[in-house]
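Dear colleague,

Please find below the structure that I am handing over to you, together with its sequence. I would be grateful if you could look through it before reading my notes.

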Amino acid sequence: MELALPDADVVVVNTCSVTAEADRDARTFVRKTKRLNPGAKVVVTGCYAQRAPQEVAALDGVAAVVGNSHKGLVPEIVRGVLEGARVEQGAPLISPGDLLGTAAPVWADDRFAHSYIEDAQVAPGSQTRPNLKIQEGCGNRCTFCVIPTTRGDSRSLAVEKVMAQVHGFVAAGGKELVISGINLGRWGWDLGEKRSLAGLVEEILKETGLQRLRLSSIEPMDWTPELIVIMRNIGGGRLARHAHLPLQSGSDGVLRRMHRRYRPWHYEQKVAALREAAGPELAVGADVMVGFPGETEAEFRETYEFVARLPFTYLHLFPFSPRPGTRGWELHREAPVAPEAVGERMAALRDLAAEKSRDFRGSFVGRWLPAITLHTPASLAAQGRTSALTDNYLPLELLHRLPSNQLVHVRVNAVNAAGGLVGEIQPSVGNMAAAS
Ligand code: SF4
């Protein structure tokens with residue numbers, strides 16, 4: 001991202017705090033932002049600002065800190081910072097005087113009274129497949145996770161707002177929309193009516209002309225029978241054949257220490273039901289955490305063998321990162337896993353995931369897949385090619401130049417050196433437009 005913004009009076013930095021590395025990156029980013037924009041006020045918001053506001057306030061050059069609890073007040077706070085005025089609603093909860101010397105004022109507490117789910121209209125633009133966030137926060141208490149503290153309990157975007165967003169996206173020419181949330185499967189639980197994600201998906205597909213809907217990450221136990229039936233009936237058509245179920249560990253003991261709400265066999269049953277419903281073309285992805293406190297070699301082997309056995313097509317791998325204020329932080333102090341062991345385990349899973357992904361991609365050579373064209377990097381466009389993504393989440397290089405945002409049917413010819421598919425469009429498909 002471009003950090004020098006010569007005309008800016010204020011720069012708002014949105015931070016993450018999911019790992020210690022994310023905190024470090026945020027600190028570096030804030031310092032660099034101030035260095036490159038010495039005349040601008042730097043206001044820091046997001047999860048790091050929520051989790052450790054005083055730590056952020058003490059960084060050099062920070063003018064104000066706004067936790068997620070008060071994120072909805074950022075425009076007003078920014079105005080106040082510029083004018084040197086007090087912000088009417090929600091004056092700083094920690095004044096500079098409470099902190100050491102030069103620290104900035106802080107707006108952050110644990111009530112999330114001013115937090116909101118962004119409701120800005122999604123439209124196809126710089127992103128062909130934008131994310132529509134329909135749920136925020138989480139009511140679970142996984143022992144490694146800081147999100148319940150930084151984002152509060154689960155909240156859902158009202159169904160009318162979701163539908164208005166989807167209608168608007170379609171009217172603006174959008175073809176593929178990804179619906180997402182921190183704990184997407186809990187969408188609707190707080191709406192006071194009998195609402196569920198499955199019902200919402202049905203309504204979107206019935207009431208709007210959206211041509212492709214993709215579901216982002218859903219906790220294993222939130223893949224309800226109703227949602228799986230929808231995947232059976234519509235997967236590969238208007239619903240992308242793509243299921244991402246966070247796993248974290250394949251060891252029962254580790255899952256219990258993590259306070260995850262399923263056991264490995266529950267997870268396996270869900271994946272089997274989804275595959276049976278959507279077929280072997282289904283993309284199955286998972287997040288896996290390595291080196292959770294006390295993870296023994298035997299427990300890691302359980303995870304490794306579990307991953308090897310299940311039909312994963314890609315994995316997101318993370319080393320455990322202790323987060324202050326969580327139970328995992330204390331467990332890490334009691335029983336840390338040696339960094340060398342974490343490194344070896346990460347490498348073993350990375351190799352396994354690469355092999356599984358390669359096999360999955362290779363199985364499509366000579367077959368047809370639905371896909372959507374994306375914005376193409378200049379180097380690829382110069383070769384007369386187009387970037388695309390299949391409905392089952394495989395990157396694809398088309399041997400033609402097409403504009404972005406075209407739904408196409410592609411015959412896969414090969415897998416390239418980078419592991420992406422290479423293919424050609426079916427000449428008779430009507431919705432394909434040659435690039436002008
Ligand atoms: S379900 Fe996800 S967001 Fe919620 S506490 Fe667990 S890891 Fe965090």
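The notes that follow describe what was found, taken region by region.

Please bear in mind throughout that this is a predicted model.

**Strands β7 and β8**

Strand β7, residues 176-181, runs parallel to β8, and 4 bridges join the two. Within this pair, Glu176 has Arg212 of β8 opposite it. Between the two strands the chain passes through helix α7, residues 197-207, and the resulting β-α-β crossover is right-handed.

Strand β8 itself covers residues 212-215. In a regular strand, side chains alternate between the two faces of the sheet. In β8, Arg212 and Arg214 point one way, while Leu213 and Leu215 point the other way. These four residues, the two arginines included, are all buried.

**Helix α8**

Helix α8 spans residues 225-234, and its buried residues are Leu227, Ile228, Ile230 and Met231. These residues lie on the same side of α8, because the arc they cover around the axis is only 155 degrees. The cover over them includes α7 and β8, both described above, as well as β9 (242-244) and α10 (264-278). On the face turned away from the buried side, α8 carries the exposed residues Pro225 and Asn233. Just after the helix comes Gly236, which takes a positive phi of about 90 degrees.

**The ligand and its surroundings**

Which residues surround the ligand? They are Cys138, Asn140, Cys142, Phe144, Cys145, Ile147, Pro148, Ile182, Glu219 and Arg260. By character, this shell divides into 7 nonpolar residues, 1 polar residue and 2 charged residues.

**Two loop positions**

Thr143 is found in the loop between β5 (131-136) and α5 (147-151). Is Thr143 buried or exposed? Its relative accessible area is 4%, and Thr143 is therefore buried, the cut-off being under 20%. Apart from neighbours within four places in sequence, Thr143 is in contact with Arg257, Met258, His259, Phe292, Thr326, Arg327, Gly328 and Leu331.

Gly125 lies in another loop, the one between β4 (106-107) and β5. With a relative accessibility of 38%, Gly125 counts as partly exposed. Gly125 and Gly72 are separated by 53 residues in sequence, and their C-alpha atoms are 25 Å apart in space.

Yours sincerely,

A colleague

Technical notes. Residues numbered from 1 in each chain as written. Predicted model: local features only at pLDDT ≥ 70, side-chain atom pairs only at ≥ 80, totals over all residues. Heavy atoms only, no water. Buried < 20%, exposed > 50% of the residue type's maximum accessible area, 1.4 Å probe, protein only. Pairing = 2+ DSSP bridges. Right-handed = clockwise from strand over helix to strand, strands pointing away. Near = heavy atom within 4 Å. Nonpolar A, V, L, I, M, F, W, Y, C, P; charged D, E, K, R; others polar. Contact = heavy atoms within 4.5 Å. Arc of directions from axis to C-beta.
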